[in-house]
Structures are given as C-alpha cells and as structure tokens.
Amino acid sequence: MAIIGKEITSAEELEKHFKEHSVAEFFKKNMQMLGLTGKIRTLTTIIHEYVTNSIDACEDAKILPEIEIRITELAPLHYEVMTKDNGPGLTKSTVGRALGKLLAGTKFHRLIQSRGQQGIGASGVTMLSQITTGQPIKVLTGNGKETFACEISIDVRKNEPKITNFQDLKKEYRGTIIRARFKDVKYVKSEQGPLEYLRRTAIANPHATIKFIAPNNEKFVFRRSIQQIPAKPKEVKPHPKGITVDELITLAKHTKAKKVVSFLKSDFDRMGEKAINEISKLVSFDLNKDPKQLRWHEAEELVKAFKKVNFIAPRTDTLRPIGKERIEKAIKAIVQPEFLAVVTRAPQVYKGGFPFQVEVAIAYGGKAGKVINGQKKIEIMRFANRVPLLFDAGGCAITKAVNSIDWKRYNIKDIENTPLTIFVNLISVFVPYTSAGKQAISEEEEIIEELRLGLMDCARKISKFIAGKQREYERKMKKETFFKYIPEVAKSLHKVTKNDYESIKRKLERLVLERLRLEEKEVEENEKKGKAA
Ligand SMILES: Nc1ncnc2c1ncn2[C@@H]1O[C@H](COP(=O)(O)OP(=O)(O)OP(=O)(O)O)[C@@H](O)[C@H]1O
Ligand SMILES: [Mg+2]
C-alpha cells in the first residue's frame, strides 16, 4: 500500500510505516561508512579490502604472500579489478558467506592482531559492484582439495549470498582470484591512489611480493626483501579491566560454561582463584549461577568488581611487530634515505584491556618525503596492523601525535618542508578505528602517549644527524670562503716577505684545514661531555 507523503499521526499509522532492515540494506544506504565514497577513494578502498584479506589469509595459513592486482579501464569511470593470491583458498560452504554476506567472517569475534576485524570488507565491495554495474563478482578458488569457480552477489534484503554459474574445475589450484567491475570510480597515480597504497603495503609487509598492473599497462613489482613468514599473532581472551557490561552479557550468552565461576575462569584473561574469591565477596549473587541467566544489574556488579580487583596486566606477548631490522630493510630498499632511525616500543595496554604496540621510523634525505610543485615536503605514512591508512589523516591519533611534537627542539626548523618520511605502525588485537571505514585511529590517551615517545626517540637520533650535517655544511662554507682569499693574502705576503708564493699558499691552506679540524674536535668533545652529564 502506498503511504508516501502521509503524516504519521497515530500509533496505528506508525505501525504501517514500521519496517525492519538487514545490515546489508543499512550499508547499501551508507556505503561511505565503509570508505566507499568519492571516485578515487573508492577504488583505493576496493584494492585495500582485497589485499588485506589476501595477506591475512596467507599469514593465517603460514604462506609467503604472492599477490597480483590488475586494474583495467573498461570505459571512463568504469573499471575491472582483478586480485589473485596464493592463500589457502575458500571452500564451497564458506565462499558465499566470505564474499557475499555482511558481518560474516573469521575475525570479528576474535581478539587477535589481524588486518581485517569486522567482516564487511569484501562483502561491502561485492555490494558496490552489484549496485554500480548490476553484475555479480567472479571468483575462482582452490583449497588443495577442490577447485571451483562461481559468481556471487548479495540478496540485500536478507543479507544472504546468491551463488550463480557454479563450476567444479578439474585442475589443482591453491589460492583465490576475484574479478569485479565497478562504475563511478577513478584510477589516479596520486598519494591516495592504489599504487601508493601498494607501495606502502610493501614497506610494512616486506615478506610479501606484490605485483601490480595499472590501467595503462604499466607494471610494478614490489619483491619481498624478507623470506620468513612472520610469527603468527596469538589470540587473547578479553581482560576483565577492558570489558563493558554489554560485552560481558554477550560473552555470557555464548559461553559453554555452566556456571558464572567457570565462565569467568574460561572466558577471561588473567582470572585466577584469588581474583574469583575477591569477586565473590563483592557481588550480591551466587557465582554458581548459570551465566545465561545473568541479569543486567548482576553483570554491572561484576564489571564494578573487576575494577576493584588487582589483576595481572593483560598479556602483551600476543602482538607481532614488524621489527626494527625488517622495517630498516624495507625502508632502505624503497625510500633509500641518507639516514634512518627506527624504534619498536615495548607493548602497552589501552582502556585497561587491549594490548597495543607502536613502531616508528623516521627517514631523512634520499627519496624520503614527497615532492609537491618541485619542493620536498614531509610525508607521514600511517599504518594499523601493517595496513596503510591513506585517508582521514586529520582525525587520526598518529597525525595528532606528530603535530604535538616540538620539532624545532630536534633541529627540524620547518617540519612541513623537510625531506622526511615518518613511518608509524600501530599494532593491536583490536585497533580503535574512528569508523567502519578503518582509516583513522581514535585518540586513546595511552596510544597518543606511546606514539609521542616513539616519535621523540627517533627524532633525537635524526636531530644528531641533522646537526652533524649542518656543521659539515658550515665547515665547507668556511673552507670555501678562506680558500677564496688565500691567493690574495699569499700574493701580498709574497710581495712583503719575498718568500715563494706557492709555498706561502700551501702553508695558509694547511693552517685553515688544521683550524677547522680543531673546531670539529672541540664540538665532538663537548658532545661527549654532554652525553656523560
Ligand atoms: N582471499 C581470501 N582468502 C581466504 N579467505 C578470505 C579471502 N578473502 C576473504 N576471506 C574470508 O572472508 C571473510 C570475510 O572477509 P571480509 O573482508 O568481508 O571481512 P574481514 O576481513 O573478516 O574484516 P574487515 O571487514 O575488517 O575486512 C574473512 O574473515 C576471511 O575468513
Ligand atoms: Mg577484510
């Protein structure tokens, strides 16, 4: 019944208007929340979703990632994207849900350091293909046991996958190939385009080989500089200090434990006998109760009790940083700087319960920085769990931390116009993104503090290098100035003393060089004294 334009003036009218919607319908209306907005950003986000999934899948299966991406222009603002990986592949029963159902996947329900964490990346992209071209995506996947191809689209009303043109293939293949078409997107070779995204992915993932064929057929290969697969991050249970009442109720509903006491022991990190004892004294109900029957006010009592009990800090050995040497190797290969400082900080915890760790590198000179209108400028590369963040820089904790540093104290007078590449990787079992588009990190106090400490640590090292360079420059200028006047002075001295002109000139040159050497020695000694003090 058409009810458009009719005002809702009664509860009965309201009932007629009342409808429920699936999560797919919600995101179809709000694609911008997934970062699928703007012609350029959308294409980069598509690449990002496929590439992060491929690397995650390879790492999970302990495979060195070999990834190929091809973007083909079919017509203006109409492109085909092909991604191919050598990962574990998908099965007939998971392929539909993995690529054609929103909020489905292997990562959302786990606290583990991975690139994806929501279960909407790949399926969001399938939906975009569907709503801009009316076409399903094409998949070919093999998992060692079976190889098959199919087309996938989403039944948006139900948020269910629709599989068509299914074909069992007789060849053996391991990996996944996805081909999808999109309209109203645009390929550019800019700082926010797919090529830069892949360059940065290669820097943070030196164990991956990434091949890229651009729409003009230009080919790029980022070869792995590290042959080892990174150690697998470990999954952690939630720490009691980081849990909210609502999360506690959700966990209690899904637990296999039959009593609250065993639920606490089995589903939380750092929950020992002593803590349980203390908790039992702080709550008004019996901990032998069935967790599925836990009421809201009882969960509230538990969370309050958690705040009072002294738990051991959350496990932080579950994180897997890229590591100082690997970052050094990767940046040297791609940025080729004159000087590089790298720091991997010790793991910390934010919001009382989530382990995180910060890695910072500052590269100076060489190909560091970016060129704008022929002028070298600072370049800030932000990463979360090794994934480049190219958008929403203004609202990101990393940018705020960089801007909060007093760079002049570190011999960097004009940070904006210095040839620096600042690399920051934040890793966590749960990255606090500001939105589902996963491009900016929220300003958690503990994270900002660690970022600042890491940046300042690197800045100190760079500062010494820059000071040394400045001194070298000043010495060179001094030498040039003195040497300019030496022939004049030697000529005059020769006239007065009648001594040999050439020998006077040589002696004066020696005198200048000796003087400059003494000055340098003095600076070095002062520096040593400063260090000892
Ligand atoms: N190339 C691939 N190889 C193997 N499995 C894959 C691949 N791509 C996706 N998957 C599976 O499909 C699931 C859904 O992917 P999707 O990108 O939608 O969500 P996610 O990666 O879990 O989280 P996020 O929304 O943050 O990206 C993944 O969790 C993974 O299990
Ligand atoms: Mg994903």
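Reader: What makes Asp56 count as buried?
Author: Its relative accessibility is 7%, and the cut-off for buried is under 20%, so Asp56 qualifies. Bear in mind that this is a predicted model.

Reader: And how do you know that Arg115 and Asp56 form a salt bridge?
Author: Their closest N and O atoms are 3.1 Å apart. The limit is 4 Å between a side-chain nitrogen of Lys or Arg and a carboxyl oxygen of Asp or Glu, so the pair passes. Arg115 sits in the loop between helix 4 and helix 5 and Asp56 in helix 3, so the pair ties together parts that are 59 residues apart in sequence. Arg115 counts as buried too, at 5% relative accessibility.

Reader: Why is Lys189 called exposed, then?
Author: Exposed takes over 50%, and Lys189 has 56% relative accessibility, so the label fits. Lys189 meets Glu218 in a salt bridge, N to O at 3.5 Å. That pair links the loop between strand 6 and helix 6 to the loop between strand 7 and strand 8, parts 29 residues apart in sequence.

Reader: What makes Glu218 partly exposed?
Author: At 32% relative accessibility, Glu218 falls between the 20% and 50% cut-offs, so neither of the other two labels applies.

Reader: How do you know that Arg200 and Glu191 meet in a salt bridge?
Author: They come to 3.6 Å, N to O, which is within the 4 Å limit, so the pair counts. Arg200 is buried at 2% relative accessibility, while Glu191 is partly exposed at 34%. Salt bridges with shared partners also join these two with Glu196, Arg199, Lys370 and Glu379 in one network.

Reader: Asp85 has no salt bridge; how do you know that?
Author: Its nearest side chain of opposite charge, Arg174, is 9.4 Å away. A salt bridge needs 4 Å or less, so Arg174 is out of range. Asp85 is buried all the same.

Reader: What does the side chain of Asp85 reach?
Author: The backbone nitrogen of Gly87, at 2.9 Å. That is within the 3.5 Å cut-off, so the pair fits the distance limit for a polar contact. Asp85 lies in strand 2, and the residues it touches include Ser54, Tyr173 and Thr176.

Reader: Which residues of helix 6 and helix 11 meet?
Author: Arg199, Ala202 and Ile203 in helix 6 meet Ala330, Ile331, Ile334 and Val335 in helix 11. They divide into six nonpolar, no polar and one charged. The two helices pack at about 145°, with axes 8 Å apart.

Key. Residues numbered from 1 in each chain as written. Chains lettered and ligands numbered in written order. Predicted model: local features only at pLDDT ≥ 70, side-chain atom pairs only at ≥ 80, totals over all residues. Heavy atoms only, no water. Axes fitted to C-alpha atoms, helices over the stretch in contact; angles between N-to-C directions. Helix = DSSP H or I, 4+ residues; strand = E, 2+ residues; numbered from the N terminus. Contact = heavy atoms within 4.5 Å. Nonpolar A, V, L, I, M, F, W, Y, C, P; charged D, E, K, R; others polar. Buried < 20%, exposed > 50% of the residue type's maximum accessible area, 1.4 Å probe, protein only. Lys, Arg positive; Asp, Glu negative; His and termini not counted. Polar contact = N/O pair within 3.5 Å; in protein donor to acceptor, adjacent residues only side chain to side chain. Lists of a residue's contacts leave out its neighbours within four places in sequence.
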